[in-house]
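Trainee: I would like to learn how to read a protein model. Where do we begin?

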Amino acid sequence: FTPSLLHRQSQDPDNFARGHAPLSIVKRITFTTATQTIGTIPANSVILSRKIVRTTKWDALTTFEVGKSGDTDWLVTTAQANLTGNIAAGEAGEVEEITGLKVVTTATPVILTINQGAATAGAGWVIIEFEELTRP
């Protein structure tokens with residue numbers, strides 16, 4: 001079991017002028033990961049990006065979504081993050097980034113829905129970057 005992390009990323013030039021970096025929910029996933037809540041986006045936030053990082057290639061079709069109660073693919077749909085190789089050859093080290101801002105008006109738990117199918121290998125990370133609009 002690897003707990004989800006809520007943390008600040010290191011400063012980068014795009015965020016330096018504001019004085020702080022975006023917040024993130026970071027969750028390690030493997031072919032044995034079960035459906036679960038991976039964190040909560042606070043009220044009055046904007047989701048900036050969603051990234052799927054493959055560290056070990058999945059060896060069989062695995063359906064995968066990230067969303068919220070009542071809308072399981074709100075942030076990432078299976079079509080956007082095919083863990084078996086939607087991009088290039090689907091090898092380890094590849095990153096899929098889903099862009100497009102999402103406004104969050106009330107605190108919203110983020111739910112990872114995953115069905116490993118016949119997979120016996122596969123690992124990576126889910127990274128959700130967001131900014132609280134009320135932070136100074």
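Mentor: Begin with pairing: two strands count as a pair if DSSP finds at least two bridges between them. This is a predicted model. In it, β2 and β9 run antiparallel and are joined by eight bridges. One case is Ser24, which has Glu129 in β9 as its bridge partner.

Trainee: What holds such strands together in general?

Mentor: Strands of a sheet pair through backbone hydrogen bonds, and the pairing is either parallel or antiparallel.

Trainee: How many helices and strands does the secondary structure of the chain come to?

Mentor: There is one helix, and there are nine strands. Along the sequence they follow the pattern β-α-β-β-β-β-β-β-β-β.

Trainee: To which strands is β4 joined?

Mentor: Eight bridges join β4 to β7, and this pair runs antiparallel. There, Ile52 stands opposite Glu96 of β7. A further 10 bridges join β4 to β9, again antiparallel. In that pairing, Arg54 has Gly124 of β9 as its bridge partner.

Trainee: How do I read the order of strands in an open sheet?

Mentor: List the strands from one edge to the other. Here an open sheet of four strands has the order β3-β8-β5-β6, with antiparallel pairing. β3 and β6 stand at the edges with a single partner strand each, so one side of each has no neighbour in the sheet. On average, neighbouring strands of this sheet are turned by 40° against each other, ignoring direction. Within the sheet, β5 and β8 pair over five bridges, and Phe64 stands opposite Ile114 in β8.

Trainee: Now burial. Is β2 enclosed or open, and why?

Mentor: Judge it by counting buried residues, where buried means under 20% relative accessible area. Six of the eight residues of β2 are buried, so β2 is largely enclosed by the rest of the structure. β4 is mostly covered too, with nine of its 12 residues buried. For the chain of 136 residues, 40% count as buried.

Trainee: Why does Lys51 count as buried?

Mentor: Lys51 counts as buried because its relative accessibility is 18%, and the cut-off is 20%. Lys51 lies in strand β4. Its side chain makes a polar contact of 3.5 Å with that of Ser49. Leaving out residues up to four places away in sequence, Lys51 touches Val95, Glu96, Glu97, Trp125, Val126, Ile127 and Glu129.

Trainee: And Arg54: buried or exposed?

Mentor: Arg54 is buried, at a relative accessible area of 2%. Arg54 also belongs to strand β4. A polar contact of 3.2 Å joins its side chain to that of Glu96.

Trainee: Which residues of the largest nonpolar core touch the most other members?

Mentor: That core has 23 residues, and those touching the most other members are Ile41, Ile47, Phe64, Val66, Leu75, Val126 and Ile128. The elements giving two or more residues to this core include β2, β4 and β9. Beyond four places in sequence, the residues that Ile41 touches include Ile25, Ile47, Val110, Ile128 and Phe130.

Trainee: How do I tell whether contacts link distant parts of the sequence?

Mentor: Look at how far apart the touching residues are in sequence. Among contacts in the chain with a separation of 6 or more, 78% are between residues 24 or more positions apart.

Trainee: What does the accessible surface of the chain come to?

Mentor: It comes to about 6800 Å², and 57% of this belongs to carbon and sulfur atoms.

How values were computed
Residues are numbered from 1 along each chain as its sequence is written. This is a predicted model: local features need pLDDT of at least 70, side-chain atom pairs count only at pLDDT 80 or more; totals for chains, interfaces and linings use all residues. Side-chain values use heavy atoms; hydrogens and water are left out. A nonpolar core is a set of buried Ala, Val, Leu, Ile, Met, Phe, Trp, Tyr and Cys residues joined through side-chain atoms within 4.5 Å. Buried means under 20% relative accessible area, exposed over 50%, partly exposed in between (1.4 Å probe, protein chains only). Contact means heavy atoms within 4.5 Å. A polar contact is a pair of N or O atoms within 3.5 Å; within protein, one must be able to donate a hydrogen and the other to accept it, and residues adjacent in sequence count only if both atoms are side-chain atoms. Axes are lines fitted to C-alpha atoms, for helices over the stretch in contact, and angles run from 0 to 180 degrees between N-to-C directions. Accessible areas come from the Shrake-Rupley method with a 1.4 Å probe; for residues, only the protein chains shown count as cover.
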